[in-house]
Amino acid sequence: MHHKNSNKYRILFSNLLIYHQLEKKVNFKTMKVAVIGAGVAGLCAARHLSKENISFLVYEQNENIGGTWVYSDNTTEDEYGLPIHSSMYKNLRTNLPKEIMQFIGHEYHCEKSFITWTDVLTYLQSYADRYDLHKYIKFRHQVTQVSPLNNTWSLEVKNLKSGVIEKTHFDAIMVCNGSYSTPRYPAIPGMDDFQNTQMHSHQYRTNESFKNKKVVIVGSGPSGIDIAIDIASVAQEVYLSHHQKELLNSKFPENVKHKTDIALIKKDSVEFQDGSVERVDVILYCTGYIYHFPFLSNDCGITVDDNYVQPLYKHLFNINHPTMCFIGIPWKTLIFLLFELQVLSFISVIKGKTKLLSKSEMFDDLRNDIEIRKSNGEATRYYHRMGTTNMRSYIGNLTCIFKIDPLPEVIFKIYDKTTERRKESLLYYREDFYKIIDDYNFSFYNNQSVIGSDVDSNS
């Protein structure tokens, strides 16, 4: 869209105004940043903050790095009474190839493209070691409250080992606590009447307890599909309850049966919307997670309504207090790489390299994004969902606005090919091997033989 000259000058003036306001509030050379969480997003934030010589601390309530990639047999509470953060299950393999699931300039040291959670955790540990990040992390420190105070941020942090609560101040906050730890349950009539086992995928670890049982999987996102396949190897029947018509054409194990959404749950059975009824031993909810920020005071101005975090500019900046950002809110996207671009965007602003729009203009941008999603028929809870088209646009916006090097086109090509292959061969696409040739081209293999490539002869 082309703006009139007067509009350009108005935007330029408002940009300069908000920049000078930020400059008065924060001395970029002496500022101090708090990072909440030492998972993928937090480690990436730490690496780039240290690179820019910005003073910062990372608070991590667990005893190690890695966030959701840290496997634990425990599914309830840790020794300090805190809910177990990770939702990792033992047989998980990534649904994106490692070639597009890594930070810029730091590669994996394993051959397969679709790797295990242990490979990812090893990668994160090597990343932290390479950039000497452990020295910035306060483990077993839980951030209990964050509040804006006189153009800075007031934090209360509990040392879980000693029980001592420390009050401290920072100039900027990077919220990196992850979004895969607080289960989201659907509202289905009769849930309280079921007398057999009900659980959420957050509690799923292995398929051993499902041997010879009849199981309903509620939800057909990545976790629902993967867990259905994992359980099918030992269960008598697996009923995959969903409304994704395109999945009906995918090949599943023979004992996985497609079912419509659940209409009613009874004492030991489930009635589906098509009228069919099945007796089942377990109902497993693979219905996702909710964004959860219990440490944010109301004064932070952030709300979560129908799992939509607002008001955020570009799914990133707290519009009410733009020295606070949230890394990793978007989903169905390029994790690692998108997180890194978000980190670089925020640092670009707090370092004064890039100037944000005015508050009113950021709200206008947010309203425009909401209107587009509404017009596409999206429910509110999907407003942070990316997917191929939205992701390209979003990443393009970040790289343009915040003056970041764009991602190579080959990254998007591999993402699109993976999406295509997942639809073609749900049970076997993880046996594909990808190799990046250059910024535009890649090849991929299956069982060590070439089955296809994407090479642009004009590049």
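## Fold and selected elements of a predicted chain

Of the 459 residues of the protein chain, 52% count as buried. The model is predicted. Its secondary structure comes to 8 helices and 23 strands.

**Overall dimensions**

A compact globule of 459 residues would have a radius of gyration near 23 Å, and the protein chain has 23 Å, so the value agrees with that expectation. Along the principal axes, the C-alpha trace spans about 65 × 60 × 45 Å. The protein chain exposes about 21900 Å², of which carbon and sulfur atoms supply 48%. Contacts between residues at least 6 apart in sequence were also counted: 60% of them join residues at least 24 apart.

**The sheet of strands 4, 5 and 6**

Three strands form an open sheet in the order 4-5-6, and their pairing is antiparallel. Strand 4 and strand 6 are the edge strands, each pairing on one side only. Neighbouring strands of this sheet are turned by 20° against each other on average, direction ignored. In general, strands of a sheet pair through backbone hydrogen bonds, either parallel or antiparallel.

The residue ranges of the strands are listed here.

| Strand | Residues |
|---|---|
| Strand 4 | residues 141-149 |
| Strand 5 | residues 152-159 |
| Strand 6 | residues 165-170 |

Strand 4 and strand 5 run antiparallel and are joined by 8 bridges. One bridge partner can be named: Gln 142 is matched with Lys 158 in strand 5. The two strands, 4 and 5, form a hairpin with 2 residues between them. In the turn of this hairpin, Asn 150 has a positive phi of about 50°.

**Helix 6**

Helix 6 covers residues 359-375, which makes 17 residues. At 1.5 Å a residue, helix 6 should span 24 Å, and its end C-alpha atoms are 24 Å apart, so the two values agree.

Which residues of helix 6 are buried? They are Glu 361, Met 362, Leu 366, Ile 370 and Arg 373. The names Glu 361 and Arg 373 thus stand in the buried list beside Met 362, Leu 366 and Ile 370. Just after helix 6, Gly 377 takes a positive phi of about 80°. A positive phi is also found at Asn 150, in the turn between strand 4 and strand 5, with a value of about 50°.

Notes. Residues numbered from 1 in each chain as written. Predicted model: local features only at pLDDT ≥ 70, side-chain atom pairs only at ≥ 80, totals over all residues. Heavy atoms only, no water. Pairing = 2+ DSSP bridges. Expected span 1.5 Å × (residues − 1). Buried < 20%, exposed > 50% of the residue type's maximum accessible area, 1.4 Å probe, protein only. Axes fitted to C-alpha atoms, helices over the stretch in contact; angles between N-to-C directions. Rg over C-alpha atoms; globule rule 2.2 N^0.38 Å. Contact = heavy atoms within 4.5 Å. Areas by Shrake-Rupley, 256 points an atom, 1.4 Å probe, with all protein chains shown as cover.
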